[in-house]
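Here are some exercises with worked solutions for getting to know a new structure. Take a look at it first, then try each task before you read on.

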Amino acid sequence: MRFLGYKRPDGKVGIRNHVLILPTSACASETCRVIASQVSGAVNIINQDGCAEVKGNEEITQAVLSGFAANPNVYGTILIGLGCESNTPDEMVRIIKEKTNKPLHKLVIQEEGGTVNTINKAVNLAQKMVQEASKCMREEVNIDELILGIECGGSDSTSGLGANPVVGHVSDRLVDMGATSMMSETTEFIGAEHILAKRGATPEIQRQIIQICKDLEDHLFMVNQDLRTGQPTPGNKEGGLSTIEEKSLGCIYKGGTRPVVEVLKYAEQPTKKGAVIMDTPGYDIASVSAMIAGGCQIVVFTTGRGTPTGHALAPVLKVTANKKTFENMKDNMDFDLSEVIVGEKSISYIGDKLLDEVIEVANGKITKAEAFGFSDIAINRICKYI
Amino acid sequence: MKANGILLDNKDNVATTTEAIKQGEHVRYFIDDSIYSISAKQQIPSYHKIAIKDIEKGEIVIKYGEIIGAAIVAIKKGEYVSHLNIKSLPRDYNKEIKER
């Protein structure tokens, strides 16, 4: 199987061709918004972090921001800093260059003498960059260049029965053809992590899967949050879920059945192809942001209740097995999997159709969230701001 | 004929309904591309489970090809399976980390 993508100088293949206007800190975020609004083909992301954060949080911020610049869907980046933030522009340049050799410019608001001067220079740079980017042509590449991100959010009874098994089938097919499939949301594993761990390709990977769940539980206990007691909830039981294992399996199933070859930290890039797991919160937006920072060119997002979420840099393909939701939120839902629930088609049949759609989106078909220009971002935190 | 239930894995001993089932009605589900049918001995709400084989007291209940719990009473083929007649198996998290 093949798809049409943009070959980047760092060896990766993108399915979109964005110029990224990237703020190193919250203070540069608005300036980036204005720059991107002046140049067609340039996108900004909103950044609320990058300063007044503990080292642990700073490292996470840096991993996500540099990951965005390195994502293959990005042609090149214009980095904007304020000048006094703790996540220094020079350090961001160094970290980005470790990940990719794609075009990168840096401007510092305090050095340029204010936002208007910075916007002036950046718009000129961005205009040149989008023209260069427009010369890139898609080329046919092997499916093994694809890294699919998998997410679930706004789940209902149809998620674990229909949407997630269908996406699991897509995941298995992609992995069998040599591509990479990434699942995350550690919160959702809890209850069936011992089952998920069995998918680990080695004893060490199995141990890591259990460990990331234990670490999350320990971390949340510190603020008196218990993820296990009371699960499944009375609402879950009413909806047909009898044990926490059953509930958690319904989520885990979206990642398919193939061996897990790597367990990644938040926003870390995989070094292997195949099925991988990234340690992220269950919070959709923080999880999708991390997987895209980790290099996913496309995310398939299963939902029962419906959600409008999208990302500036990568298509987020919204799928649901709930027919009512598909009809009710048609402007936000991309693909209808409900034939599985109403018994008209099997999981593997619908899964194959969804894989066809994934390839079409990879080749250039835009999702509904992309048509609206929706860009949701959140970066995980380990503690309070300073 | 349309299915009104889902079997998630060929190893499963329960199927899940996708519509409300009256006592005596049939639950139909796909295995690969063929439809199988089982008669419901009790009323079963939408998105709840039906036993597709006899399950003895203490026997494991399998869904998604995995153990979701064990029966706390004997369950006959065609009967309603819920949090009232199955329970999670006890676990030792520390042991699971050390064992690997």
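Contact here means heavy atoms within 4.5 Å. Please keep in mind that this is a predicted model.

**Exercise 1. Describe the interface between chain A and chain B: how many residues does each chain bring to the contact, and how much area do the chains bury between them?**

Step 1. Start with the residues in contact. Chain A contributes 38 residues, and chain B contributes 32 residues.

Step 2. Turn to the area. The size of an interface is often given as the accessible area lost when the parts come together. Between them, chain A and chain B bury about 2,900 Å², with 59% of it on carbon and sulfur atoms.

Step 3. Look at the side of chain A. The residues that lose the most area to chain B are A:Leu161, A:Glu246 and A:Tyr253, which together make up 19% of what that side buries.

Step 4. Add the charged pairs. Side chains of opposite charge can pair when their charged atoms come close. Four salt bridges are counted between chain A and chain B. A:Lys198 and B:Glu66 meet through their side chains in a salt bridge, at 2.8 Å from N to O.

**Exercise 2. Work out which elements make up chain B and in what order they run.**

Step 1. Count the elements: chain B has nine strands and one helix.

Step 2. Follow them from the N terminus on. The order is β-β-β-β-β-β-β-β-β-α.

Step 3. Consider the extent of the chain. The C-alpha trace of chain B spans about 50 × 30 × 20 Å along its principal axes.

**Exercise 3. Find out how helix H2 of chain A packs against helix H3 and against helix H12.**

Step 1. Recall what to look for. Two packed helices are described by the angle between their axes and the distance between the axes.

Step 2. Take H2 (residues 55–70) and H3 (residues 89–99) of chain A. Their axes come within 9 Å and cross at roughly 50 degrees, which means that H2(A) is oblique to H3(A). The crossing of H2(A) and H3(A) is right-handed.

Step 3. See who takes part. Residues of H2(A) in this contact include A:Gln62, A:Leu65 and A:Ala69, while those of H3(A) include A:Met92 and A:Ile95. By class, the contact of H2(A) with H3(A) has seven nonpolar, three polar and two charged residues.

Step 4. Now take H12 (residues 284–293) of chain A. The axes of H2(A) and H12(A) are 7 Å apart, at an angle of about 55 degrees, so H2(A) is oblique to H12(A). The crossing of H2(A) and H12(A) is left-handed.

Step 5. Check this contact too. A:Ala63, A:Val64, A:Gly67 and A:Phe68 of H2(A) meet A:Ser289, A:Ile292 and A:Ala293 of H12(A). Five of the residues in the contact of H2(A) with H12(A) are nonpolar, two are polar and none is charged.

**Exercise 4. Locate A:Pro232 and A:Asn224, then describe the backbone there.**

Step 1. A:Pro232 is in the loop between helix H9 (203–221) and helix H10 (234–238) of chain A. The peptide bond from A:Gln231 to A:Pro232 is cis, with omega near -10 degrees.

Step 2. A:Asn224 is placed in the loop between H9 and H10 of chain A. A:Asn224 is not a glycine, yet has a positive phi of about 60 degrees.

How values were computed:
Residues numbered from 1 in each chain as written. Chains lettered and ligands numbered in written order. Predicted model: local features only at pLDDT ≥ 70, side-chain atom pairs only at ≥ 80, totals over all residues. Heavy atoms only, no water. Axes fitted to C-alpha atoms, helices over the stretch in contact; angles between N-to-C directions. Helix = DSSP H or I, 4+ residues; strand = E, 2+ residues; numbered from the N terminus. Parallel < 35°, antiparallel > 145°, perpendicular 65-115°, else oblique. Left-handed = near helix turned anticlockwise from the far one by under 90°. Nonpolar A, V, L, I, M, F, W, Y, C, P; charged D, E, K, R; others polar. Buried area = accessible area lost by both parts, 1.4 Å probe.
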